[in-house]
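Hello,

Here is the structure I promised to hand over. My notes follow below it.

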Amino acid sequence: MVKQLAKLLLLFGLLIDFELASGQQEHCQKADVLMKKQDYTGAIGLYEKCLGSDSTRHETLNSLAFCYLNAGDYALAKEKYHILERVDSFGTEAAIRLASIYEVQQNLPKAIRYNLLLSKRFPGNPVYLRKLGSLYLQGRESTQSRQMYREALMINPRDLLAVQGLSEILVTADSLETADSLLSVGLKTDSLHIGLSLLRSRVLYRTRHYRETADILHRMTYRTELNNYYNKLLGYSFMQIDSLEKAIFHLQKSLLEESDPEYALFYLALAYEKKKEYERSDWYYSEAIKAGISENVAQYYRGKARIAMQTDKNKEAIDLYRQSLEYQKDPTVYFFMANAADLYYKDKTRAAEYYRKYLASGHDNAEFISISKERLAAIKENRFMKGGK
């Protein structure tokens, strides 16, 4: 009787295990279907039931981790992948996923660690070297970053993301000639690459190749919407080659929702000054002064002073030049103040004072020195003729 009861209990236990196994298998199959449909949150619950407390079912655990990852639950995805990275058949995939997760989370040490692991495991794949270049750069380790990008390019010279990354480092380090050579090679691979084109425009702008800068950025306007920075570059480049209408158009575009409009306002003032539209120029110089937070505010006052002289407001020009000296002691300002005083005052005492200050400054402009000496001699002679000293 006891033996028969034991057999019945065993049979009952087997039936329960079978039903549980069947239920788990059904959950797994339904979860697989939902995962294929990219219903990751729906699949997660079923995979959890399918897995139960058995973490040795690595295929199911991997699917569960993948669903957590795609559902944006990086904490649980990491937890599962850290289990799987110790399993030979899933270790590589887990390392790839963990590298990606830590990169997104900006955990630079761990992202670097896993990408280094993968670069050693797959030495022929430049992707991990390129990612290391980016990660080291984010960590302000430019030497390691440059090395990683170069190693990536040795494997695949057509890796344009590596070209762009290395070029950005070179531009920051003022290695403009090397950057330009690298970008030229990259653009031969893909002449329509927007990122490389924009980066090359920065190099050309900084080396004062304004026509080439304008050509590149103008072409880009047909393929992308330039941001404020590049509209400013394009506007200033157009101004340097005397395309003033185009310069004004792009400089004004650069002001849209611009939090730091100082330089765009200054360039607009210069453009209108070149066009001899003095009223508009003066307004933009005034706006540049209001927005000014840089050491260049002196230039804005000098711009307003030039406009004042062009419109026969020489007394106002003297005051504006004096204000510019509060921001920058530029000796040429004394020369221009002398010019304005010479034109405004019948008594040339003040003009002579400014000419002497200019000559005492030691400034080496031969033309200004000659004019100053000539005017001082003329003022002295005029006084003598009138019976003065």
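Start with S372. S372 touches F335, Y355, Y358 and L359, leaving out residues up to four places away in sequence; contact here means heavy atoms within 4.5 Å. S372 lies in helix α21, residues 366-385. Helices are DSSP runs (H or I, at least four residues), numbered from the N terminus. S372 counts as buried because its relative accessible area is 0%. The cut-offs are under 20% relative accessible area for buried and over 50% for exposed, with partly exposed in between (1.4 Å probe, protein chains only).

Before the rest, the ground rules. This is a predicted model, in which local features need pLDDT of at least 70 and side-chain atom pairs count only at pLDDT 80 or more, while totals for chains, interfaces and linings use all residues. Residues are numbered from 1 along each chain as its sequence is written, and side-chain values use heavy atoms, with hydrogens and water left out.

**Cores**

Y355 is a good next stop. Y355 touches F335, A338, N339, D342, S372, R375, L376 and I379, again not counting residues up to four places away in sequence. Y355 is also among the residues with the most contacts inside the largest nonpolar core, which has 58 residues. The others in that group are L217, L226, M239, Y267, Y300 and M337. Apart from this core lies another, of 53 residues, including L51, L135, A152 and V163. A nonpolar core is a set of buried Ala, Val, Leu, Ile, Met, Phe, Trp, Tyr and Cys residues joined through side-chain atoms within 4.5 Å.

**Helices α5 and α6**

Helix α5 covers residues 88-104, 17 in number. From first C-alpha to last, α5 reaches 25 Å, close to the 24 Å expected. The expected span is 1.5 Å times one less than the number of residues. The buried residues of α5 are F90, G91, A94, A95, L98, A99, I101 and Y102. They pack against α3 (58-70), α4 (74-84) and α6 (108-121). Q106 follows α5 and has a positive phi, near 60°.

Helix α6 has 14 residues, and its end C-alpha atoms are 20 Å apart, in agreement with the expected 20 Å. Its buried residues are L108, A111, I112, Y114, N115, L118 and S119. Those pack against α4, α5 and α7 (126-138).

**The α8/α9 pair**

The axes of α8 (residues 142-155) and α9 (residues 160-172) come within 9 Å and cross at roughly 150°. Axes are lines fitted to C-alpha atoms, for helices over the stretch in contact, and angles run from 0 to 180 degrees between N-to-C directions. On the α8 side, S142, S145, R146, Y149, R150, A152 and L153 make the contact; they meet L161, A162, V163, G165, L166, I169 and L170 in α9.

**L199**

L199 is found in helix α11, residues 194-206. L199 counts as buried because its relative accessibility is 2%. Beyond its neighbours within four places in sequence, L199 is in contact with Q164, S167, E168, V171, L183 and Y230.

**Two loop residues to check by eye**

R208 is not a glycine, yet has a positive phi of about 65°. R208 sits in the loop between α11 and α12 (210-220). At 65% relative accessibility, R208 is exposed.

K276 also has a positive phi, near 65°, and is a residue other than glycine. The loop between α15 (262-274) and α16 (278-291) holds K276. K276 is exposed, at 61% relative accessible area.

Best wishes
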